[in-house]
Amino acid sequence: MGPPRCICEICSCGRHRCCHRPTKIYDDGAKPSHKTEYLENYPGYGNICPPESCKPKPELQEDKARMDGTTTFKSDYLPYEIVTRPFRQQEEYRPKSGKIDLGTIYQRDYNPHKVGPVTLARPRERKHTSDAKVDTVPTYRDHYRLWKSQRTESCKVERDYKPPSERFGNPSTFQDDYMPKQPNPPASCKPCDSKLPEGPFDGNTIHRTAYVVHELGPLFVRPREEYKPSDQPFEDLTTHQRDFKGMPGEQAKSCKPEDQKHGSDDPFKGTTEFQDRYQPYLVTAPEFHKPREYVPPTDKMDLKSSNRLDYIKHKVAPRAPMKPAPGRKNTGPFQGKTTTKEDYQPWRVCPRGPIKKEEEIQKPTGKFASLTTFRSHYIPHQANPPQSFKPVEVVPTGVPFKDETLYRTEYTPKKPEVCPGLNPDAMGYVYVNTDSEGHRFYRRLSPEPSGSDSSPVPEEVPAVS
């Protein structure tokens, strides 16, 4: 037997890993105890055994016989005869004699009254029309009189423009008053390069030096209550275990159809039932509807309408335009002189020539030769058609087709391998211990299988947590 090994090193399928703990600083060196607090505080008394666990044991399920399809419901079920429910026959309708009284309380108590048309509270519109001619002179025109107003004289002082003889001073008030100053750079907040202190780091803090350890008083422990065992025996039999009785039954039949070969060994014939029984029918071409030829009418169209026949023309004078009264016109010559025309003096400006660099490479003067190096060096070759690898059409023979392949003849079924990490106890492994990091180690008792078909199985395999 070799040393114990972990599942992280031995697992053959790669799906099993140990449940690692967060860190190793909590390792106190003591061996782990697999007892719970309940087992330590409540030991067993007398012949009273703890109840058995209903959890199934982790064992490999071997290949068993087919499952019995009978259940307790099938065995205990008693079929009953189903009787149709009697239904009540509907009586034949017979109409009653006499007339139906359709009168209501409203018709009996209602007194009709004569209702007249409602009088409108709104007065009717009155249209004042007369045959007199409308006087087109309004009161504003009749009472308005033009006043003789004098034109106000301009208060502008006329001054002859004289161009300055001296040159315009370029500096402005901002340039005269501005005094350049040298900017002072801000002080740098970067610390100076200091050397690291030599020697070990002093990790003492005020909390560590000034901390005073106080003694803790005894904790309050609740006294244990005395256990008083019961005089009566414990009844661990349930109603299911007491009333259930297994009933033997027949094995259920499988509904899956058997794998049978549907077909024959005769060679395939190219004819089908559709080809044998198909009867061609004569199909006539569809008839197209020929439109009638358009014949124009011989009579002339009457373009007279009721509006043209019944319309009466009236002689109406054109409406007089509402043009304002003519104002006062100036008969003197137009004064078109402005300060811009009198003071503006055109300057002679020469057009500026384009700023263009002289070309270093001279352009060719001759005719462009369209012959390229590819055209000049290219030699045309006659291409040979590629050889066709298509097989020659072979007439099918009457020999049956052999559907055997190398995979079918040389295939050998392999036994599925079970990973030892799934259930190490059933594969011949014994639990050893668990370290502080959560690794569970197992040791193999049975020797390893030898042979070419068997895969290498590790000695120790930890359980899956």
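A salt bridge is here a side-chain nitrogen of Lys or Arg within 4 Å of a carboxyl oxygen of Asp or Glu. The exercises below apply this rule and a few others to a predicted model.

**Exercise 1.** Find how many salt bridges the rule gives, and say which side chains meet in them.

*Solution.* Begin with the total, which by this rule comes to 3 salt bridges. Next, take the pairs in turn: the side chains of arginine 108 and aspartate 109 meet with 3.5 Å from N to O, those of arginine 242 and aspartate 243 meet with 3.5 Å from N to O, and those of glutamate 273 and arginine 277 meet with 3.2 Å from N to O. As background, side chains of opposite charge can pair when their charged atoms come close.

**Exercise 2.** Decide whether the residues of these bridges are buried or exposed, and state how the partners arginine 277 and glutamate 273 are placed in their helix.

*Solution.* The step needs one cut-off, namely that exposed means over 50% relative accessible area. Arginine 108 has 62% relative accessibility, and it therefore counts as exposed. Aspartate 243 and arginine 242 are both exposed, and the same holds for arginine 277 and glutamate 273. As for placement, arginine 277 and glutamate 273 both belong to helix 9, residues 273–277, and because they are 4 residues apart there, about one helical turn separates them.

**Exercise 3.** Describe the nonpolar surface patch that includes Tyr42, and locate this residue in the chain.

*Solution.* The patch is made by Tyr38, Leu39 and Tyr42, and it covers about 400 Å². Tyrosine 42 lies in the loop that runs between helix 2 (37–41) and helix 3 (72–76). Its relative accessible area is 55%, so tyrosine 42 is exposed.

**Exercise 4.** Name the residues of the negative surface patch, and work out how aspartate 343 is classed by accessibility.

*Solution.* Glu158, Asp160, Glu342 and Asp343 form the negative patch. Aspartate 343 lies in helix 11, which spans residues 339–343. With 34% relative accessibility, aspartate 343 falls between the limits for buried and exposed, and therefore counts as partly exposed.

**Exercise 5.** Summarise the chain as a whole by its helices and strands, its buried share and its accessible surface.

*Solution.* The chain has 13 helices and 2 strands. Of its 465 residues, 6% count as buried, while the accessible surface comes to about 54,800 Å², with 55% of that belonging to carbon and sulfur atoms. Finally, among contacts in the chain with a separation of 6 or more, 65% come from residues 24 or more positions apart.

Conventions: Residues are numbered from 1 along each chain as its sequence is written. This is a predicted model: local features need pLDDT of at least 70, side-chain atom pairs count only at pLDDT 80 or more; totals for chains, interfaces and linings use all residues. Side-chain values use heavy atoms; hydrogens and water are left out. Patches are made of residues with over 30% relative accessible area and no salt bridge: like charges are joined within 9 Å, nonpolar side chains (Val, Leu, Ile, Met, Phe, Trp, Tyr) within 5 Å. Accessible areas come from the Shrake-Rupley method with a 1.4 Å probe; for residues, only the protein chains shown count as cover. Lys and Arg count as positive and Asp and Glu as negative; His and the chain ends are not counted. The place of a charge is taken as NZ of Lys, CZ of Arg, CG of Asp or CD of Glu. Buried means under 20% relative accessible area, exposed over 50%, partly exposed in between (1.4 Å probe, protein chains only). Contact means heavy atoms within 4.5 Å.
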